[in-house]
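Hi there,

Here is the structure I promised to pass on. Have a look at it first, and then read on for what turned up.

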Amino acid sequence: MKSPHKSLIHLVVFLTNFRIIASGKWFLFFAAAFICSVASYFQKSTLHDDIAPQTGQYLTCKTDLTGNSDVFTAYITDGRIAEMVEARLCADKTIRRQYSEVKVVVGQSDYDTFRYVNHGVVDLALVKRNIVDAFGADQIYGLTKIAAHPDYSAFFIALREKPLLSKEYLLGKRIGLLDYPSSRSGHIVPKTVLQDLGLTVTNVDIVYYSSHQELRRALLAGEVDIISSYWAEEDSQSFSKNYATPLQESVSGMQWYLKMQTQNTDLFCAVQSVVHEIATTHPRPYYKNITLEEGCNK
């Protein structure tokens, strides 16, 4: 009679041999499945890596110019103005003679501004002077001011009372600011005022919005108690100037810059004419007020 110990050993050997034989016929199947999974993974990774990061929005149009791949690129942070720029540049005779395509980048963040202005990518830009000065884009890339909108003031604006510039008054208030750190009236100036009063994000509720229009909508909707922005003539239709507290009297206005690395006076005159037409037809009074720089002989 076999001992229980030997019987147990025989059983283990039998089961081991059975598993090897039974699993043998599945080996190729599992191997093939593994190879397919790995191949699929790398294929998907390759496809995802090929997708370029998306920044900003683009408006483009083709001209009739053939045999030339030059593209005229403009950088605008206001969507309405961007549409006007794209339509008028595409219709301009000088642009159509010199470029095969017009591309208007609608900037949506400070990263967009840095990417397109600091790197000298664009031919035309509507930005503030401090942006061009900070990047040295005028000296490096020849960005030349061709037109300017006026300077303006920064205000705390409320709906039913005049905001006070005191720590006690602003404690706990919901304050709407712009999420553009480069905006003076909507970000830099109000943050400086709050800091000087000893206020931080721990004792005031700061809510960020993407545009001055959004700030006004939020104030009217009661989402915030105060917004920081400029005061426009049309604001008197919805708000009272009595409830606007000045923060800074002079804030640099928006300015138009054209890349002038050559003495392309035809282009200078053409783009300046486009900019002037946009100003005269824009619905907002601020943009209607524009000063053109000298340099066009027409």
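One term before anything else: helices (H or I, at least four residues) and strands (E, at least two) are DSSP runs, numbered from the N terminus. With that in hand, Q57 is placed in strand β1.

A word on the ground rules. This is a predicted model, so to speak of local features we ask for pLDDT of at least 70, and side-chain atom pairs count only at pLDDT 80 or more, while totals for chains, interfaces and linings use all residues. Residues are numbered from 1 along each chain as its sequence is written, and side-chain values use heavy atoms, with hydrogens and water left out.

**Confidence**

pLDDT is the predictor's confidence in each residue, from 0 to 100. The chain averages 81, and 79% of its residues reach 70 or more. Among the elements, strand β9 (residues 226–229) has the highest mean, 97, and helix α1 (residues 4–49) the lowest, 45. Please be careful with two stretches. Residues 18–29 stay under 50, and the model gives them zero contacts beyond four places in sequence; a contact means heavy atoms within 4.5 Å. Residues 36–55 also stay under 50, with four such contacts.

**The chain as a whole**

The chain holds eleven helices and twelve strands. Of its 298 residues, 41% count as buried, where buried means under 20% relative accessible area, exposed over 50%, and partly exposed in between (1.4 Å probe, protein chains only). Among contacts with a separation of 6 or more, 78% link residues 24 or more positions apart.

**The seven-stranded sheet**

Two strands are said to pair if DSSP finds at least two bridges between them. Seven strands make an open sheet with mixed pairing, in the order β1-β3-β2-β4-β11-β5-β12. Its edges are β1 (57–62) and β12 (291–292); each has a single partner strand, so one side of each is left without a neighbour in the sheet.

Starting at the β1 edge, β1 and strand β3 (residues 101–106) run antiparallel and are joined by six bridges. Q57 has V106 of β3 as its bridge partner. Q57 also touches V104, V105 and Q108 as well as V106, leaving aside residues up to four places away in sequence. Is Q57 buried, exposed or partly exposed? With a relative accessible area of 46%, Q57 is partly exposed.

Next along, β2 and β3 are parallel, over six bridges, and A74 stands opposite V104 in β3. β2 is mostly covered, since five of its six residues are buried. On to β4: two bridges join β2 to β4, again parallel, and A74 has L124 of β4 as its bridge partner.

Towards the other edge, strand β5 (residues 143–148) pairs with β11 in the antiparallel sense over five bridges, with L143 partnered by K259 in β11. β5 is also antiparallel to β12, over two bridges, and A147 stands opposite L292 in β12.

**The five-stranded sheet**

A separate listing covers five strands in an open sheet, ordered β8-β7-β9-β6-β10, with mixed pairing. The edge strands here are β8 (205–209) and β10 (244–251), each pairing on one side only. Within this sheet, strand β7 (residues 174–178) and β9 run parallel, joined by two bridges, and I175 stands opposite I226 in β9.

Helix α9 (residues 212–221) packs on this sheet, touching β6, β7, β8 and β9, and its direction makes about 160° with that of β9. For such angles, axes are lines fitted to C-alpha atoms, for helices over the stretch in contact, and angles run from 0 to 180 degrees between N-to-C directions.

**The nonpolar cores**

A nonpolar core is a set of buried Ala, Val, Leu, Ile, Met, Phe, Trp, Tyr and Cys residues joined through side-chain atoms within 4.5 Å. The largest one has 52 residues, of which F72, V85, L124, I146 and W256 touch the most other members. Helix α10 (residues 265–281) gives the most to this core, with seven residues. Apart from it lies another core of twelve residues, including L215, V224, W231 and F239.

As for F72, its contacts beyond four places in sequence include L89, Y99, L124, L258 and V271.

Over to you, and happy browsing!
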